[in-house]
Structures are given as structure tokens and as C-alpha cells.
Amino acid sequence: MLSKRIIPCLDVKDGRTVKGVHFVGLRDVGDAVELGSRYAAEGADELVYLDISATHEGRHTFTQLVERIARAINIPFTVGGGISTMNDAERLLAAGADKVSINSAALARPAFISELAERFGSQFVVVAIDAKTTDNGTWHCTTHGGRRLTEVELFAWAHEAQERGAGEILFTSMDHDGTLAGYPCDTYAALSDGLSIPIIASGGAGSIDHIADVLTQGRADAALIASLFHDGVLTIPSLKQELHNRQIPVRI
Amino acid sequence: MIAIIDYNTGNIRSVINALDRIGAADCVLTSDAGTIRRASHVLLPGVGEAGTAMNELRSRRLDTIIPTLTQPVLGICIGTQLMCLTSEEGDTACLGIFPTRIVRFQSLKVPHMGWNTLTSLRSPLLNDISEESYVYYVHSFYPELCDCTIAHTEYGVPFSGALQKDNFFGTQFHPEKSGPVGEQILRNFLSL
């Protein structure tokens with residue numbers, strides 16, 4: 001049976017992970033390769049590395065880092081952050097990334113999704129969507145980390161992304177992100193039921209219950225988790241064992 | 001020397017990285033028939049569209065070379081699909097090594113993406129791999145079950161997770177991305 005995926009997300013700036021993890025025995029908590037290897041060994045199903053460097057030099061360093069990650073890590077990994085041209089994507093693919101995650105660049109120019117899918121295949125293209133509810137209750141996409149609201153409606157955009165060849169949708173509710181209060185499971189379920197590609201849930205989890213809920217009621221295919229792992233609130237083995245105990249299929 | 005067949009298909013880098021991790025030295029990326037024939041082991045990896053990939057093999061005359069090889073040959077993902085009879089993707093005639101067809105998933109989400117289990121294992125390729133081991137899949141088309149199926153996976157329908165006929169092996173999953181289980185399978189292949 002296809003398992004639900006648990007995916008740690010690592011933020012990288014100038015080649016270093018930003019949030020430290022308090023693993024015993026890690027020589028260098030800022031080393032993205034060592035940290036990713038540790039998560040992989042603990043049972044992560046995939047990894048996501050987000051480049052939050054703002055400079056050209058930082059992005060160059062990130063590409064070199066991706067090469068090291070690809071050599072060291074024996075599970076799939078996605079890279080994202082600032083990817084806006086075919087050259088960006090091609091450089092990261094050549095460095096060994098399995099998938100790229102695109103967000104603002106796709107909203108600015110939806111044809112970018114089609115071009116990536118045609119050139120590299122749908123399996124390479126994750127479309128990340130940050131959305132929030134508006135006063136009339138509809139969901140609208142945002143850019144710039146949720147600071148700028150667009151006119152684009154969530155479900156219409158997710159559907160267009162799929163039609164243009166996205167292989168997965170990574171949806172974050174900006175209403176829930178960082179709250180530790182759980183996910184909007186009804187919205188995830190509607191997305192999952194309305195699309196034929198996998199949905200990754202991101203942002204809002206504060207407990208194992210929340211993650212279990214989004215994978216069952218929310219019908220998400222995967223959960224992307226950052227601070228709960230980085231802060232040591234949850235470990236991958238304990239999370240997966242608990243999901244398994246609740247009859248949620250996970251790789252143990 | 002291990003020959004990795006180079007036919008302009010993506011993601012060969014990750015196969016080379018995986019072979020490096022298990023300490024396999026002397027890997028050559030090649031489309032040269034003589035080099036391929038001399039290799040101790042041959043890998044046919046690949047991602048992409050079956051029709052395009054088959055044309056890339058034909059344009060290098062590798063479609064006539066590969067079926068005549070006598071050393072262990074391992075297809076991965078599209079490489080495995082090309083070793084079957086036909087593919088629904090692009091209505092493609094393939095190499096005909098494994099007596100089965102490649103068809104599209106009709107139910108559930110497509111692509112089939114993520115970790116799924118192997119059952120009914122039977123092949124030296126899968127030595128020391130436990131029943132219900134998880135491996136990583138990304139694909140929209142699958143090999144139907146046949147006499148050469150050496151591992152089953154279920155995704156709406158049961159299909160061939162791996163195949164063997166004589167010295168030819170194929171995995172629909174990606175051993176190079178399947179953690180320690182995948183590395184064991186690659187080691188098994190190299191010890192054949």
C-alpha cells in the first residue's frame with residue numbers, strides 16, 4: 001500500500017541551515033548535508049531544502065550544496081526558493097535535485113509550469129501555494145511569504161497548475177502557518193478530492209493529532225514539517241510509530 | 001567495469017551517485033556498443049516519455065544491442081518499461097525482453113508517487129530484502145503482472161514492481177532513491 005509521506009523541510013541561507021536541530025552528536029548543526037542525512041536515517045520519506053538566500057552569491061552556494069546533498073542522500077529531495085527561470089531549474093536538476101518547488105514565479109507567469117513539465121516531466125514540478133481566506137470566505141493565493149494577496153483563487157489556481165503539468169501541490173494556509181493549531185482539513189480534503197495529483201500539507205501542525213487529521217480527514221498524501229522537528233517537539237520515528245498505531249500507512 | 005547506458009534521458013546523475021555511495025568504482029556512462037558489451041554489468045536507467053526514450057535508443061542502434069547482452073542488465077523505471085513488449089505511452093513498441101505490457105493507471109492519483117511495498121519476492125536481485133519492504137516509485141504507467149514478475153506492488157491494481165528474465169532485471173521503482181533497501185538491491189545486482 002502506498003504510504004503517507006513525512007517530509008522535513010530545511011531552510012538554507014548562504015549554504016547553511018537556518019534553524020538548528022538539537023541532535024545529539026551532530027558535529028555541525030548548520031551543515032545541511034549532515035542534517036539531511038540524519039533525517040533520512042531517522043526515516044524521512046523525502047526532504048525539502050528551501051533556499052532563503054537573498055543574494056546571487058547565496059544562490060550560487062546553494063547550487064554547490066545541492067550537489068553535495070545529491071551525493072550524500074539516498075532518498076528523493078526537492079529544492080525551492082527563488083526559482084524563476086528555466087536556467088534556475090536546469091542548474092538545480094543538473095546538480096542532482098529530484099524536484100523543484102515553484103511558487104511566486106508560477107503565479108507571475110503560469111506558462112512556467114507548462115515549460116518545466118514539458119522539458120523535465122511532471123514528476124519534477126511541485127507547485128507551492130500559499131493562500132489565505134478573504135473577508136468573503138474564499139481562499140486567495142498570496143506571494144512574498146503571505147504578505148501580498150493576489151486576485152487568484154486557490155482552487156482555480158490548483159486546478160490550473162495540475163492542467164499545466166504540476167506533479168504535486170504543496171499547499172500552505174497562511175491563516176494557520178505558525179499557529180500550531182492544526183490544518184484546515186476541509187480545505188485540504190476539497191483540494192485532494194478535486195485534483196488527481198498528490199497534495200502535500202504544510203503549516204499549522206502543533207501535534208501528532210493534527211498531522212494524523214490532515215492525512216485522514218484532509219486526505220493529504222504527505223505532510224511537510226519544519227519547526228516541530230527542528231525544535232525537537234517531535235521525532236520522525238515517534239511520529240511515524242504513532243501514525244502507524246492509528247492505522248495510517250507509513251514507511252517504518 | 002559497469003556501463004550506464006547514456007541515451008539522453010534524465011536523472012542518470014542520481015544513479016551514478018547511488019553507485020558511488022555503495023562503493024562501486026569504475027562506472028562508465030556510454031552509448032558505445034563495444035564498451036557496453038565488455039562491461040561486467042549494464043544499467044539502463046531513465047525518466048521521461050516512453051516513445052521518446054525508445055527513439056533515443058533506436059537512434060543509437062542500442063535497440064539491437066541490448067537484447068543480445070549476456071551479462072547482468074538492470075533497467076530502472078523507464079529503462080524497465082523499454083525492456084517490455086509495448087507501452088501504451090505513445091503507443092510504443094519496446095524491446096520485448098519481458099513478456100508484458102506497460103499500461104496507464106486508471107484509478108487513484110496519477111502519478112503513483114512515494115513509498116510502496118514489495119511482496120511475493122523471488123529473485124537473487126532481492127536477496128536479503130524482506131517482504132513488505134518499502135521502495136520509492138514515481139510513474140504513471142506500469143508493467144502488468146507476468147511470468148517474469150519477481151516482486152508485486154499494489155496501487156489500485158497489482159503490478160510488477162520488479163521483473164527478471166535470465167540475465168535481464170528491471171525495477172519499476174527507483175533503487176537509487178529507496179534508502180538502504182535500494183542500496184541493498186543495487187549491491188545484489190553488482191554481485192550477480
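**Exercise 1. An open sheet in chain B**

Strand β7 (residues 101–104) of chain B and β10(B) pair over three bridges. In which sense do they pair, and which strands form the edges of their sheet?

*Solution.* The model is predicted.
Step 1. Take the pair itself: β7(B) and β10(B) run in the antiparallel sense.
Step 2. Find a bridge. R104(B) has F141(B) as its bridge partner in β10(B).
Step 3. Widen the view. Four strands of chain B form an open sheet in the order β6-β5-β7-β10, with mixed pairing.
Step 4. Look for strands that pair on one side only. These are the edge strands, β6 (92–93) and β10 (141–143) of chain B.

**Exercise 2. An enclosed strand**

How many residues of strand β8 (residues 112–118) of chain B are buried, and which strand do seven bridges join to β8(B)?

*Solution.* Step 1. Count the buried residues: seven of the seven. Strand β8(B) is therefore largely enclosed by the rest of the structure.
Step 2. Follow the bridges. They lead to strand β9 (residues 133–139) of chain B, and the two strands run antiparallel.
Step 3. Check one end of β8(B). H112(B) has H139(B) as its bridge partner in β9(B).

**Exercise 3. A hairpin and a glycine**

Describe how β11(B) and β12(B) pair, then decide: is G161(B) buried or exposed?

*Solution.* Step 1. Six bridges link β11(B) and β12(B) in the antiparallel sense. T153(B) stands opposite F159(B) in β12(B).
Step 2. Inspect the turn. One residue lies between the strands of this hairpin, and G156(B) takes a positive phi near 80°.
Step 3. Check the cover over β11(B). Five of its seven residues are buried, so this strand is mostly covered.
Step 4. Now place G161(B): it lies in strand β12 (residues 157–165) of chain B. It has 28 C-beta neighbours inside 10 Å. The cut-off for buried is 20 or more, so G161(B) counts as buried.
Step 5. List its contacts beyond four places in sequence. G161(B) touches L118(B), A151(B), H152(B), T153(B), Q172(B) and F173(B).

**Exercise 4. The two faces of a helix**

Which residues are buried in helix α6 (residues 154–163) of chain A, and why do they line one face?

*Solution.* Step 1. The buried residues are L154(A), W157(A), A158(A) and A161(A).
Step 2. Look down the axis of α6(A). The buried residues fall within an arc of 100°, so they line one face of the helix.
Step 3. Recall the general rule. An α-helix has 3.6 residues a turn, so residues three or four places apart point the same way.
Step 4. Turn to the face away from the buried side of α6(A). That face carries the exposed residues A156(A) and E163(A).
Step 5. Go just past α6(A). There, G165(A) takes a positive phi of about 115°.

**Exercise 5. Two packed helices**

At what angle do helix α3 (residues 86–95) and helix α5 (residues 111–120) of chain A pack, and which residues meet?

*Solution.* Step 1. The angle is about 35°, and the axes are 11 Å apart.
Step 2. Give the hand: α3(A) passes α5(A) in a right-handed crossing.
Step 3. Name the residues. M86(A), A89(A) and L93(A) in α3(A) meet E115(A), L116(A), R119(A) and F120(A) in α5(A).
Step 4. Sort them by class. The contact has five nonpolar, no polar and two charged residues.

Technical notes:
Residues are numbered from 1 along each chain as its sequence is written. Chains are lettered from A and ligands numbered from 1 in the order in which they are written. This is a predicted model: local features need pLDDT of at least 70, side-chain atom pairs count only at pLDDT 80 or more; totals for chains, interfaces and linings use all residues. A residue is buried if 20 or more other C-beta atoms lie within 10 Å of its own, exposed if 12 or fewer, and partly exposed in between; C-beta atoms are placed from the backbone. Two strands pair if DSSP finds at least two bridges between them. The arc is that of the directions from the helix axis to the C-beta atoms. Two residues are in contact if their C-beta atoms, placed from the backbone, lie within 7 Å. Axes are lines fitted to C-alpha atoms, for helices over the stretch in contact, and angles run from 0 to 180 degrees between N-to-C directions. A crossing is left-handed if the near helix is turned anticlockwise from the far one by less than a right angle, and right-handed if clockwise. Ala, Val, Leu, Ile, Met, Phe, Trp, Tyr, Cys and Pro count as nonpolar, Asp, Glu, Lys and Arg as charged, and the others, Gly among them, as polar.
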